[in-house]
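Open the model in your viewer and keep the selection tool ready. The tour goes from one residue out to the helix packing and the core.

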Amino acid sequence: RREGVRLVQVRDSSDRQRVAADSSLGTALGNLSWTYLLPGRGELAARAAEEGLKLSPRDTFIIPNSVNGLVLSGRENDAATQFAKYAGQDVEVPTIKFQCAVDRDIEQLRARGAASEDHVAMVKRLVARHPVTCPPR
């Protein structure tokens with residue numbers, strides 16, 4: 001019986017370590033997705049964000065990166081689907097509405113030369129479909 005309890009404890013500890021490792025990797029992939037957005041590499045950003053969210057769904061800062069990656073890739077239908085899924089949710093820490101985070105980030109990407117006016121317009125169309133009041137910048 002003691003051996004059985006010990007095996008359960010070891011397995012439980014191993015599971016916790018795996019979950020922690022997955023979460024750390026998910027966070028790293030989320031950060032990588034932003035790094036890919038900065039030079040306008042939308043497809044890579046979207047893929048890194050997607051994998052990061054699978055491993056660490058609590059890291060909500062990754063969600064806007066995913067949508068903006070799809071936008072920069074020109075995948076408007078996919079971006080619209082993701083946008084509708086997360087519209088109205090709080091993301092990031094401190095929290096901000098999802099729509100506000102996506103809009104803020106695309107403006108930052110435009111200012112850095114990574115997003116075009118067409119990309120910004122695409123995000124504005126998506127935000128208009130799911131209106132929310134954003135804090136002043």
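Is Gln108 buried, partly exposed or exposed? This is a predicted model, so pick the residue and look. Gln108 is partly exposed, because its relative accessible area of 35% falls between the limits of 20% for buried and 50% for exposed. Gln108 sits in helix α5. Now add Leu38 to the selection. Leu38 and Gln108 are 70 residues apart along the chain, yet their C-alpha atoms are separated by 9.0 Å.

**Whole chain**

Zoom out and colour by secondary structure. The protein chain has six helices and two strands. Starting at the N terminus, the order is α-α-α-α-β-β-α-α. Buried residues account for 36% of the 137 residues. Take the contacts between residues at least 6 apart in sequence: 61% of them join residues at least 24 apart.

**α3 against α5**

Select α3 and α5. Their axes come within 9 Å and cross at roughly 50 degrees. The two helices are therefore oblique to each other. The crossing of α3 and α5 is right-handed. Show side chains at the contact. From α3, take Ile63, Pro64, Asn65, Val67, Asn68, Val71 and Leu72; from α5, take Phe98, Ala101, Val102, Asp105, Ile106 and Leu109. By class, this contact of α3 with α5 has ten nonpolar residues, two polar and one charged.

**α3 against α6**

Keep α3, residues 62–72, and swap in α6, residues 117–129. Here the angle is about 130 degrees, and the axes lie 9 Å apart. α3 and α6 are therefore oblique to each other. Their crossing is right-handed. Asn68, Val71 and Leu72 of α3 meet His119, Met122 and Val123 of α6. In this contact of α3 with α6, four residues are nonpolar, two are polar and none is charged.

**Val71**

Which residues does Val71 touch, leaving aside its neighbours within four places in sequence? Select Val71 and expand. Its contacts are Ala79, Ile106, His119, Met122 and Val123.

**The core**

Last stop. In soluble globular proteins, nonpolar side chains tend to be buried together. The largest nonpolar core here holds 30 residues. Select Val67, Val71, Phe83, Phe98, Ile106 and Leu109, which have the most contacts inside that core. Then colour the elements that give two or more residues to this core: α2 (42–55), α3, α4 (76–86), α5 (98–111) and α6.

Conventions: Residues numbered from 1 in each chain as written. Predicted model: local features only at pLDDT ≥ 70, side-chain atom pairs only at ≥ 80, totals over all residues. Heavy atoms only, no water. Axes fitted to C-alpha atoms, helices over the stretch in contact; angles between N-to-C directions. Helix = DSSP H or I, 4+ residues; strand = E, 2+ residues; numbered from the N terminus. Parallel < 35°, antiparallel > 145°, perpendicular 65-115°, else oblique. Left-handed = near helix turned anticlockwise from the far one by under 90°. Contact = heavy atoms within 4.5 Å. Nonpolar A, V, L, I, M, F, W, Y, C, P; charged D, E, K, R; others polar. Core = buried A, V, L, I, M, F, W, Y, C linked by side-chain atoms within 4.5 Å. Buried < 20%, exposed > 50% of the residue type's maximum accessible area, 1.4 Å probe, protein only.
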